[in-house]
Amino acid sequence: MDPKLSAVGISVREAIHTLTSSEDGAHIVLTLGALKRYLEEADDPALRREKEEFATVHFSAVLRCLFSKLNPDWLELTPDGQLERLWESFFLEGPADQAFLVVMEAIEGTAGPSFRLVKMARLLARFLSKGRMAALMEAQCRPQTRSSFPLALETLLGRVVGLPDLLGNRLRRDNLAPFFPQSYFPLLGEEAARALQAVVGSLRDGQDCSVSFVSRVLGKVCIQGRQQEILGVLVPRLTALTQDSCLWQRVCWHLVEQVPDRAMEAVLTGLMEAVPGPEVLSRLLGNLVVQNKKAQFVLTRKLLFLQYRHTTPMLQSLLGYLAMDGQRRLLLIQVLKELLETWGSSSAVQHAPLAQQRYISSAILICLAHLGEPELQDSRDELLASMMAGVKCHLDSSLPAVRRLGMVVAQALSSRIHPEGPALMFQYEDDDEMSREMLALATLAPQPVGDDSSEAGVPSLAPVATETPAEVTGGDAKSPGQPQGSDSELDSDDEFVPYDMSEDKELKSSKAPLYVRDCVEVLAASEDTERWEAALQALEGLVHRSPEATREVSVELARVLLHLEDRTCLVGFEKLRQRALVQVTATDPARVAEYLTSQFYSLNYSLRQRMDILDVLILAAQELSRPGRLQRPVCHGSPGPGPQGSPAQVASQPGSAGTPDWRVVVEERIRSKTRRFSKGSSWQKLASGPNNFNSVAGCFFFPLIQRFDRPLVTFDLLGDDQLVLGRLIHTLGALMYLAVNTTVAASMGKALLEFVWALRFHVDIYVRQGLLSAVASVLLSVPAQRLLGDLPDELLEARSWLADVAEKDVDEDCRKMAVRALLLLERLKDSLLPASSP
């Protein structure tokens, strides 16, 4: 026997020998009872020094010996189950960290499904249910009990966090519910909260503690992507505990501060998503963003500039946290400057996806809501310069959503930076979700420093004018000073029914022209405004009724309409002009299309006129390619509100405007009183006719595609006029789609694919969307046999480009369009495979 062995060591050696060799159940029970005196208070308790020696030196060896004896026959040596209860008590009542490691070691070392594996898994489930994980973390928080070996501590940390994966790999289909990630990590959050409560109790008793192990557990769990499970349980507990306790707040500050740097981003992101508002976040983090460089980088750079998947409430929590302390407000001002610098960068506007631009715009508006006038005035010149650069970049964008973002942000920013002067005002539509959200953020009232009046530190909305009592009660409310039955009430004319004036027409002194040539003269040189309006309103119908007369003056009429300006602020002027020009183009397509396409690349035209030309060409091509277009009735007059062209009005035209035709009335009465026992399926004959666009498709298409790379003095499609280039590409794609089943479709498809290949790397998103749409139009319009027979090289190039766009393009819409085009290409290939097979 070793002379240096202590009494505790001798007792443990003898006990292990007895457990290994004895088959007497009563003797084994006595031996385990003798060892148990080192774990708990008993009739003959061991000395404290002996307990510490047993726990630190001999406990793991005893547990391994107990595991080695685990089998059904050994547990049944005592018929009353006393031996099994004693066996479990050593794992559930001893030092939690050593028991946990031995259990995990036993589970990993057991080969295949067996009694031992199932027994140890159930033992581990009881270990978790009895709160032993909290005891494990609590022990690691005390300096006198935590492990002093870094390797052992790292092993324990890996087993605690990786338990669901380890048990899932070992048990597989026999896995237990407590080991599922959705069950284990919320339990781990509860146990962490209990361990922190024990730490706070020890600190109040004057004992030294550390939360480093809990911080590392939290960081490792968040790195694995389980922030929602653990923080969803931990954050509400900490929110309630830190509300009235400064000690709890300091414990939470140290908890997050001691998270390893590699896990800081995951923990802070999870906290941002879990906290209900900036006030709670301020209690949990304190001034961590000022003291910790990694946290400052994550909160002020990565979450704002490098990521854009987070929600608006999370942005409000983050920026509200920066605004709730004087030291952190300096960072908020710096963040606003950097956000505006990015927002005003032309490269960012061109290359950043729309979701990221929306995210940055929301952050700017939230910053404005938290900063006061003196803080903005100190950086007025710098903010104003960034704003002006950003307005120009956004308004130059081809995407309407990007332009609208620039308008909203610039309007809100100018009113805050320059309150004494006129603010920027823009006209834009706010009928989509993004615009409404931006406007709601722009109308947030500024929040003064330290103002906690709003719940959770969120800025309150600007005051909204309340309804007056008269507006609430409605128009039928009576005045209190007016007695019932007074003369004013008796003389009221409310009971009279008003006349129906819906069919009334304005009397005009000038009559509308009756011939197309007269309309040309009136629109070109007449000074009579009423006659000018009447000519424009009647022109579409005259062109439709007199195609031969229209062809005589078609080019001149197209020139007049293209240069026509609204002299009298006529309602629906743009619609009237466009419909007339479309009708002229559809009546004489070859000559008018030649004129319009030549004027598109001419000098002295505005961008608006060039885009009008493209719109007219698309609408005219659509009109020409529509079957049965000659039978369609044309609506005359101004496009004002009202049921124009309804069946009732059409039927009432021979008689008075208000009286329906008697035949219609009789047929309706007969139909309503007729009883039918069976009625065949009603079907409407589809309109049919020759495709009039077939013979002129080339006149619309090829002149537009020939001169796009030749810049003019005031017009450069490959330069600054990217919006018009995008519209041109969309127009070419629409013309290609309308040319389906035409003889010139293959030639148009080849030219369009070469055009797309030349511009495939364009930086503008709207242009790339047009290119993808054009490729899809080619695949839909050109027959599959002609595509694979005449354009094999072009299709291979297009396929590789589409795959690259679908994988790497920054715009989500571009990626979706590329995927759809690839699916079309695969469908065409699959449709030809059966035909090519023998």
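**Entry 1: the second cavity**

I began with the second largest cavity, and I noted that Met137, Leu188, Ala192, Val214, Val217, Leu218, Ile230 and Leu234 line it. I should write down early that this is a predicted model, and that the values in these entries are computed from it. The volume of the second largest cavity comes to about 40 Å³. Which helices each supply at least two residues of this lining? I found helix H11 (181–204), helix H12 (212–223) and H13, and among the contributors H12 gives the most, with three residues. When I sorted the lining of the second largest cavity by class, I counted eight nonpolar residues, no polar ones and no charged ones.

**Entry 2: the largest cavity**

Next I looked up how many cavities of 30 Å³ or more there are, and the count is three. The largest cavity holds about 60 Å³ of space, and its lining is made of Leu218, Leu231, Leu234, Leu238, Cys252, Leu255, Val256, Leu271 and Leu284. I noticed that Leu218 and Leu234 are in this list and also in the lining of the second largest cavity. Helix H13 (227–241) and helix H14 (246–257) each supply at least two residues of the lining of the largest cavity. By class, I read nine nonpolar residues in that lining, with no polar and no charged ones.

**Entry 3: H11 against H14**

I then turned to H11, which helps to line the second largest cavity, and H14, which helps to line the largest one, and asked how these two helices are set against each other. Their axes come within 11 Å and cross at roughly 120 degrees, and H11 and H14 are therefore oblique to each other. The crossing of this pair is right-handed. On the H11 side the contact is made by Ala193, Leu196, Gln197, Val200, Leu203 and Arg204, while H14 brings Leu247, Trp248, Val251 and Leu255. Sorted by class, the contact of H11 with H14 has eight nonpolar residues, one polar and one charged. I marked Leu255 in my notes, since this residue of H14 takes part in the contact with H11 and is also listed in the lining of the largest cavity.

**Entry 4: H22 against H25**

Is the pair H22 and H25 left-handed or right-handed in its crossing? I first read that the axes of helix H22 (residues 354–370) and helix H25 (residues 400–417) come within 10 Å and cross at roughly 10 degrees. Angles under 35 degrees count as roughly parallel, and H22 and H25 are therefore roughly parallel to each other. The crossing turned out to be left-handed. From H22 I noted Leu354, Gln357, Arg358, Ser361, Ile364, Leu365, Leu368 and Ala369 in the contact, and from H25 Ala401, Val402, Leu405, Val408, Val409, Ala412, Leu413 and Arg416. The classes in this contact are 12 nonpolar, two polar and two charged.

**Entry 5: H39 against H41**

Last, I looked at helix H39 (residues 722–738) and helix H41 (residues 765–781), which pack at an angle of about 10 degrees with their axes 8 Å apart. That angle makes H39 roughly parallel to H41. The residues of H39 in this contact include Gly726, Arg727, His730 and Gly733, and those of H41 include Gln769, Gly770, Ala774 and Ser777. By class, the contact of H39 with H41 divides into 11 nonpolar, eight polar and one charged.

How values were computed. Residues are numbered from 1 along each chain as its sequence is written. This is a predicted model: local features need pLDDT of at least 70, side-chain atom pairs count only at pLDDT 80 or more; totals for chains, interfaces and linings use all residues. Side-chain values use heavy atoms; hydrogens and water are left out. On a 1 Å grid over the protein atoms alone, a cavity is a set of points where a 1.4 Å probe fits but cannot get out, and a pocket is an open set with protein on both sides within 12 Å along at least five of seven lines; lining residues have an atom within 4 Å of a point. Grid points are joined across faces, edges and corners, and a volume is the space filled by probe spheres set on the points. Helices (H or I, at least four residues) and strands (E, at least two) are DSSP runs, numbered from the N terminus. Ala, Val, Leu, Ile, Met, Phe, Trp, Tyr, Cys and Pro count as nonpolar, Asp, Glu, Lys and Arg as charged, and the others, Gly among them, as polar. Axes are lines fitted to C-alpha atoms, for helices over the stretch in contact, and angles run from 0 to 180 degrees between N-to-C directions. Angles under 35 degrees count as roughly parallel, over 145 as roughly antiparallel, 65 to 115 as roughly perpendicular and the rest as oblique. A crossing is left-handed if the near helix is turned anticlockwise from the far one by less than a right angle, and right-handed if clockwise. Contact means heavy atoms within 4.5 Å.
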